[in-house]
Amino acid sequence: MENFDIIIIGSGPAGITASIYGSRAGLKTLVIAGPAPGGQLLQTMDIENFPGFEHPISGFDLMTKMINQSKRLGTKIINEFAKELDLSKTPFTVKTGANIYQTKSVIIATGANAKWLGLESEQRLIGRGVSSCATCDGFFYKGKTVCVIGGGDSACEEAIFLTNFAQKVYLIHRRDQLRAAYIMQEKVKKNPKIEIIYDHIPSEIIGENKVSGIKIKNVKTQEEKKIDLDGVFIAIGHHPNSEIVKGKVKLDDHGYIVVDSNFQTSVPGVFACGDVADTVYKQAIVASGTGCMAAMNAIKFVESV
Ligand code: NAP
C-alpha cells in the first residue's frame, strides 16, 4: 500500500491544477486519472477562452500540456479508476481495481457530464455543430441560426447568450411550459431573436460532417418538421460524477458536492473542485481556479496534521 499526502481523483483542469499546486508545495501527490486522462475537455475541438493561448487550442492539446507540466513537477499520474473511498478514518483509503492507496487528504475532481438526448446523429455531430456549452462555442455562430434544446434555466440562459452572435435562436422544449424561473422566461419571451417551439422533441440532427438542420417531432400530434440551422445546443442538464462519495460527503439535491469557502467537503481533509462542485459556471478556467483553491487548503490541512 503506497502512502501519499494528497490524492486527487479526476484529471480534468481542476484535478491537474490541484496536482500542480500539491507537487510544487513539496507534497507527495497522486492523481488517479481514470482510463483517459484529461476529462471532458478531451471532447472539445477548439478552446479560445483559456488565457495564455493566442490561437485556439484543442482540449486534447491543452490537457496534454497541463498533464506534462504536472508530471515534470513530480506528480504521479496513474490511469487507474478509483472504485472505493474510505473517508471514515484517517489516513483515508482509495481503492482502484488494481491497488489500494492511503492519503492524508483527498481532492475530488471527478467533473460532471452534460446530459445528451441519446440520438445517434447527436453523438456523431458533437463538436461539428452539436454542443453542450454556449459559452464555449457560441462565438462560432456569428450571424447563423441555432437552436437550444431544453426548457430550464440553463436552456434559457444559453438561448439569451446565443442571441449575442446568432441572428436567430430557436428554443425547443418538450412541454407546453418552460421550467425556468419566471424572470428568465420573461427575458426569453421578450427577446425578438428567440422563437420558442413548445411540445417538440428532436428526432434527428441533420448533417453528414456538419450540422445543417434538425428534425423535431410534436409530442402531441406526432407530426415531424425540419428546420434548417447551423448549430444545436443541448441544455437538458448535467450529471455530476459524485457517485464515489455518495453517502460519504454532503451532496445537494442534484448530486453536486457541497463545499465551504475553503472548498472543503463535510469531511475535514476531503476537498472538492471543478464541475462536480460547480452548479453555475462549468468552465475550464473556473475548474482550474477552484482546483488551485482546493489544493491550497489541502496543503494547509496536510501541514496541520
Ligand atoms: P433542469 O432545470 O433540470 O432543466 C432541464 C430541462 O431539460 C427541462 O426543461 C427538461 O424538461 C429538459 N429535458 C430533460 N431531459 C430532456 C430530454 N431527454 N429531452 C428533452 N428535454 C429534456 O437543468 P438546468 O437548466 O441545467 O438547471 C440545473 C439547475 O441549475 C437548476 O436548479 C437551475 O435552476 C440551476 N440554474 C440556475 C441558473 C441561474 O439561476 N442563472 C442558470 C442555470 C442553471 P422538463 O421541464 O419537461 O423536465
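**View 1. Val 148, a buried residue of strand β9.** At 0% relative accessibility, Val 148 counts as buried, because buried means under 20% relative accessible area. The model shown here and in the other views is predicted. Val 148 belongs to strand β9, which covers residues 145-149. Setting aside neighbours within four places in sequence, the contacts of Val 148 include Ala 155, Glu 158, Ala 159 and Leu 162. Val 169, Tyr 170, Leu 171 and Ile 172 are also among the contacts of Val 148, as are Phe 233 and Ala 235. His 55 lies 93 residues from Val 148 along the chain, and the two C-alpha atoms are separated by 27 Å.

**View 2. Thr 163, in the loop between α5 and β10.** The loop that holds Thr 163 runs between α5 (153-162) and β10 (168-172). Is Thr 163 buried or exposed? Thr 163 is buried, with a relative accessible area of 10%. The side chain of Thr 163 makes a polar contact of 3.4 Å with the side chain of Asn 191. Asn 191 also appears among the residues in contact with Thr 163 when neighbours within four places in sequence are left aside, together with Val 169, Lys 193 and Ile 194. Val 169 is in contact with Val 148 of the previous view as well.

**View 3. Ser 105, a buried residue of strand β6.** Strand β6 spans residues 100-108 and contains Ser 105. The relative accessibility of Ser 105 is 0%, so this residue counts as buried. Which backbone oxygen does the side chain of Ser 105 reach? The side chain reaches the backbone oxygen of Gly 269, at 3.2 Å. With neighbours within four places in sequence left aside, Ser 105 is in contact with Asp 5, Ile 6 and Ile 7, and also with Phe 92. Other contacts of Ser 105 are Gly 269, Phe 271, Ala 298, Phe 301 and Val 302.

**View 4. Lys 89 and Pro 91, in the loop between β4 and β5.** Lys 89 is in the loop that separates β4 (82-86) from β5 (92-96). The side chains of Lys 89 and Asp 86 are joined by a polar contact of 3.0 Å. Pro 91 is found in the loop between β4 and β5 too. The peptide bond from Thr 90 to Pro 91 is cis, and its omega is near -10°. Val 286 is 197 residues from Lys 89 in sequence, and in space the two residues are 31 Å apart, C-alpha to C-alpha.

**View 5. Gln 222, in the loop between β13 and β14.** This loop lies between β13 (213-218) and β14 (224-228), and Gln 222 is one of its residues. Gln 222 is not a glycine, yet its phi is positive, at about 70°. At 47% relative accessibility, Gln 222 counts as partly exposed, because that class lies between the limits of 20% and 50%.

**View 6. Phe 263 and Leu 251, in the loop between β16 and β17.** Phe 263 lies in the loop between β16 (238-240) and β17 (270-272), and Leu 251 is placed in the loop between β16 and β17 as well. Phe 263 has a positive phi of about 65° although it is not a glycine. A relative accessibility of 15% makes Phe 263 count as buried, whereas Leu 251, at 23%, counts as partly exposed. Leaving aside neighbours within four places in sequence, Leu 251 is in contact with Ser 242, Val 245 and Lys 246, and with Tyr 256, Ile 257 and Val 258. Leu 251 and Lys 225 are 26 residues apart along the chain, and their C-alpha atoms are separated by 41 Å.

**Overview. The whole protein, as context for the close-up views.** Seven helices and 17 strands make up the list of helices and strands in the protein. The C-alpha trace spans about 60 × 40 × 35 Å along its principal axes. The radius of gyration is 21 Å, which agrees with the value near 19 Å for a compact globule of 305 residues. Of the 305 residues, 50% are buried. Contacts between residues at least 6 apart in sequence join residues at least 24 apart in 60% of cases. The protein exposes about 14,900 Å², and carbon and sulfur atoms supply 50% of that area. The protein has 34 positive and 32 negative charges, and their mean positions are 2 Å apart.

Key. Residues numbered from 1 in each chain as written. Predicted model: local features only at pLDDT ≥ 70, side-chain atom pairs only at ≥ 80, totals over all residues. Heavy atoms only, no water. Helix = DSSP H or I, 4+ residues; strand = E, 2+ residues; numbered from the N terminus. Rg over C-alpha atoms; globule rule 2.2 N^0.38 Å. Buried < 20%, exposed > 50% of the residue type's maximum accessible area, 1.4 Å probe, protein only. Contact = heavy atoms within 4.5 Å. Areas by Shrake-Rupley, 256 points an atom, 1.4 Å probe, with all protein chains shown as cover. Lys, Arg positive; Asp, Glu negative; His and termini not counted. Charge placed at Lys NZ, Arg CZ, Asp CG, Glu CD. Polar contact = N/O pair within 3.5 Å; in protein donor to acceptor, adjacent residues only side chain to side chain.
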